Structures are given as C-alpha cells and as structure tokens.
Amino acid sequence: MARSATIAIVGRPNVGKSTLFNRLVGKRLALVDDQPGVTRDRREGDGELLGLKFTIVDTAGFEDDDAATLPGRMRVQTEKAVRGADAALFMIDGRAGVTPLDEEIARWLRSEDTPIILLVNKAEGKQGENGLMESYSLGFDNPVALSAEHGEGVVDLFDALRPIVEGFDAEVEAAAPPALEGEEDEDAPLGPMKLAIVGRPNAGKSTLINRMIGEDRLITGPEAGITRDSIRVDWQWEDDGEIHEIQLFDTAGMRKRAKVVDKLEKLSVMDALHAVDFAEVVVLLLDATKGLEAQDLRIADRVLQEGRALIVALNKWDVAEDPSSLYNGVRGALDDGLSQVKGVPVLTISGATGKGIDTLVRVAFEQRQIWTNRVSTAKLNRWFEAAVDANPPPAPGGKRIKLRYITQARTRPPTFVVFGTRTDALPGSYERYLVNGMRKELGFQGVPVRLNFRNSRNPYDE
C-alpha cells in the first residue's frame with residue numbers, strides 16, 4: 001500500500017499542536033492538558049481535512065538541544081519528524097505573540113528543506129490579530145490564522161495544504177505499476193497484526209519497540225513514566241523471506257491504581273487501556289530484575305477480561321539473576337493467578353540486545369491465529385457429545401440438566417453457546433471442565449474462551 005503525504009505539526013509547548021492533531025484525525029487520540037510538555041513522542045494518525053487525506057504527525061516541544069536530557073531527547077524526535085515529513089505546520093500562539101523560542105524554531109526550520117506552513121493558533125479576537133501581525137517577522141509566507149479548538153480557519157489551512165498533498169498523491173500515482181483487472185487473492189491473510197506492549201513503568205517497553213523496528217523512534221531513558229500517549233508504529237517483520245505487517249502500540253506504564261493521583265497519569269493509563277481494547281495480541285512486559293508483582297497480575301487479568309490474546313515476556317533477561325528459578329517462579333505464579341486461562345505463553349527476551357524478539361513475534365502470530373480460529377459445528381459437537389458422555393452434568397435437587405448441543409457464536413475471542421435445559425443450575429466447576437476440554441482438544445490454549453448457556457424453551461411450561 002502506497003503511503004500518503006506526511007504532515008508534521010511543530011512548535012513550542014502548549015500552543016495547541018495536539019488539539020489540531022485530534023481535530024484532523026477526528027478522534028481524541030493525543031492527550032491534551034493545560035500543563036505544558038504533555039506530548040513527548042511522535043504520534044501519527046490518518047488525517048483528513050475537507051476530503052483531503054494525509055498522515056498527520058504530532059510532535060513534542062523544542063526546548064533543549066542537549067540529547068542527554070529528556071527535553072533534549074524530545075527535541076531529537078521532533079527534528080526527525082520534520083525531516084521525514086513532506087511538509088510541516090509550524091504553529092505559534094496568537095495570543096502570546098512571537099516568543100524567543102518561536103524565533104529559534106523558525107531559524108532551524110528555515111535551514112531545513114521541508115516546506116513550512118506557518119499557523120497562528122488562537123487567532124480569534126483582537127489579541128489574536130496582534131499575534132498574527134507579529135508572525136510575519138518569522139520570515140515565512142502568509143500565515144494561516146485558525147482556532148484549533150473551535151475549528152475556525154480550516155478552509156485556509158485546506159488551501160495551504162492542498163497543493164502539497166495533491167502534488168504528492170500525483171507523484172505516487174504516476175510511479176505506481178498498473179493494476180491488473182480481476183486479480184484477487186482468495187487466500188488473503190489477516191490484516192496487520194495489532195500488537196500492544198503493556199506493563200509497569202520502566203519495564204523497557206519503548207526500548208523493546210525501538211529494537212524491533214531498528215531505530216530510536218520512541219524516547220527512552222532512566223526516568224520512569226516517559227511515555228504518556230499510546231504511540232502506534234507501523235512495522236514490517238521479515239520471517240524466512242516473508243514480510244508480515246504489524247502495528248505496534250507503545251503504552252504508558254500502569255502503576256497500582258491507588259498510586260495514580262495525577263490527572264495526566266490517569267489520562268495516560270486510560271489511553272493505554274484503550275490501546276489494549278484496540279489490540280489483537282497484548283504483550284505484558286515484566287522487568288526480570290524485579291520479578292512478578294501483584295500489579296502485573298492485575299494488568300494481565302484486565303487484558304484477559306477484554307478478551308485479548310496475552311503473552312508474558314520477561315525483559316532484561318540478559319542481566320537477570322538465577323534465571324531458572326525466576327522463570328519457574330513466574331510460571332507458577334501465573335498459573336495460580338490466571339487460573340481462568342491456562343497455557344499463557346511465557347517468553348524470555350532482551351530489548352537491549354534483541355535476543356528473543358523474533359520468537360516473541362512468531363508466538364504472537366501463533367496466538368492471534370488461535371484467537372481467530374473457528375471450529376466447524378460438526379467437529380465441535382462431536383467433541384461436545386464425547387465430553388458430556390465422559391462426565392455428565394450433575395442433577396441438583398434430583399433434577400437432570402440436559403445439554404443438547406453447542407455452536408461457536410464468534411471469534412476474537414472464541415465465544416461459544418451451549419443449548420440445553422436448566423443450564424442456569426449448572427455449577428461453575430462444570431463450565432471450567434468444558435472450557436479446559438476445549439483448550440486441550442480443540443486447540444484454544446493460552447487465549448480467553450467465553451462460554452454462554454441458553455435454555456431451550458419448553459412448550460408445556462404454560
């Protein structure tokens with residue numbers, strides 16, 4: 001699939017970049033708060049403006065040129081985003097006017113080859129008009145006055161973006177090979193795998209994704225809680241010469257709920273949980289130097305409650321002490337703490353060295369295949385009849401429970417419906433017996449399985 005034109009939004013903190021990003025993607029994807037410096041990583045989305053489609057990139061601030069500091073690492077990501085874009089929207093705050101940092105950013109942008117469109121945000125009102133007049137001193141073409149929050153000025157922004165986006169699309173179309181009529185792939189595989197990485201703060205999630213894609217795409221460092229937004233990164237993984245499309249989601253660290261009191265951290269955790277909802281397979285990343293904690297089990301339980309395929313990965317395995325004992329301890333604790341899902345894969349990896357990453361991705365594809373598996377009704381009922389004959393349901397109060405047949409209602413996660421009489425009296429132990437049998441005999445190991453019961457209507461009840 002050919003890429004669309006990439007437009008980066010750049011500017012100092014708190015001028016409204018994330019607000020404009022959310023408006024262009026039509027969703028509240030980027031976190032927005034009055035606190036400056038909320039955005040730290042680059043965030044991409046599918047933007048659309050009056051029918052014009054492009055890829056839009058939200059960026060962090062531009063405050064420090066020392067790459068050893070967190071603001072400096074944020075600036076490096078912003079510079080990479082601008083250099084990789086087909087155009088950049090340079091945004092200033094019309095109410096605040098031109099600041100020294102705006103002038104510094106403008107000087108750097110003029111030294112780059114990326115086309116620049118100057119945006120004066122919060123331009124409504126007389127105070128905004130003064131900022132608009134000041135913006136001419138930055139040395140760019142006619143600025144675009146807008147209000148990202150209220151949607152004013154989007155037509156002028158459309159006029160400024162249109163020649164860039166349409167010119168890019170025309171180049172892509174001219175370079176594309178002609179399509180073959182009637183060519184269809186009947187055995188087309190599933191779409192890109194949606195793989196989310198979750199865990200407690202400082203487990204190494206961003207470092208792992210950077211190692212996977214082979215570049216410093218996400219900001220990393222010793223500071224806990226660097227990642228705030230859930231960042232999507234598109235990646236192509238090669239296995240035995242075959243290319244597989246993957247959408248990776250880096251998420252904020254999730255601490256114990258009682259410790260999360262800051263509003264921004266609450267928003268970050270909500271964004272991480274939204275990424276879990278969107279994912280197909282979720283990797284729970286543990287710090288092997290710290291082992292398994294109760295919060296890890298809470299995160300895993302939340303993932304399984306949402307019906308997602310789960311993999312547990314022990315990161316920093318290259319520096320773990322007594323690895324054999326550690327692995328067995330984690331495996332046993334998971335079996336006890338996640339008794340509702342047996343066989344969750346537990347893998348050892350190192351985001352720093354890359355060891356075990358190919359195995360992790362390969363297992364993720366295998367778990368997704370199990371998660372999307374559909375069993376034929378005939379095969380399902382052959383297993384069901386044998387399971388009921390081997391262990392008939394109990395007869396509470398001397399009244400028999402009859403289980404007649406089973407059908408698979410849906411996949412993702414595998415969901416089944418059992419029809420019978422008096423199924424509401426069936427004990428939970430028998431339900432677990434059926435689910436465990438399905439895992440063992442029908443190949444649903446390690447993924448959540450949902451089993452619902454329906455009573456057949458008795459025409460003589462009335």
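**Exercise 1.** In this predicted model, R232 has a relative accessible area of 25%. State whether R232 is buried, partly exposed or exposed, then do likewise for its salt-bridge partner D234.

*Solution.* Step 1: buried means under 20% relative accessible area and exposed means over 50%, with partly exposed in between. Step 2: R232, at 25%, is therefore partly exposed. Step 3: the relative accessible area of D234 is 48%, so D234 is partly exposed. Step 4: in the salt bridge that joins R232 and D234, the closest N and O atoms are 3.4 Å apart.

**Exercise 2.** Find the salt-bridge partner of R200 and decide whether R200 is buried or exposed.

*Solution.* Step 1: the side chain of R200 meets that of E293 in a salt bridge, at 3.4 Å from N to O. Step 2: this pair links distant parts of the chain, 93 residues apart. R200 lies in the loop between β7 (193–198) and α6 (205–213), and E293 in the loop between β10 (281–287) and α8 (294–305). Step 3: R200 has 11% relative accessibility, which is under 20%, so R200 is buried. Step 4: E293, at 37%, is partly exposed.

**Exercise 3.** Locate R95 and E124 in the chain and describe their contact.

*Solution.* Step 1: a salt bridge joins R95 and E124, with 3.1 Å between the closest N and O atoms. Step 2: R95 sits in the loop between β4 (87–93) and α3 (100–111), while E124 sits in the loop between β5 (116–121) and α4 (125–134). The two are 29 residues apart. Step 3: R95 is partly exposed at 42% relative accessibility, and E124 is partly exposed at 25%.

Notes. Residues are numbered from 1 along each chain as its sequence is written. This is a predicted model: local features need pLDDT of at least 70, side-chain atom pairs count only at pLDDT 80 or more; totals for chains, interfaces and linings use all residues. Side-chain values use heavy atoms; hydrogens and water are left out. A salt bridge is a side-chain nitrogen of Lys or Arg within 4 Å of a carboxyl oxygen of Asp or Glu. Helices (H or I, at least four residues) and strands (E, at least two) are DSSP runs, numbered from the N terminus. Buried means under 20% relative accessible area, exposed over 50%, partly exposed in between (1.4 Å probe, protein chains only).
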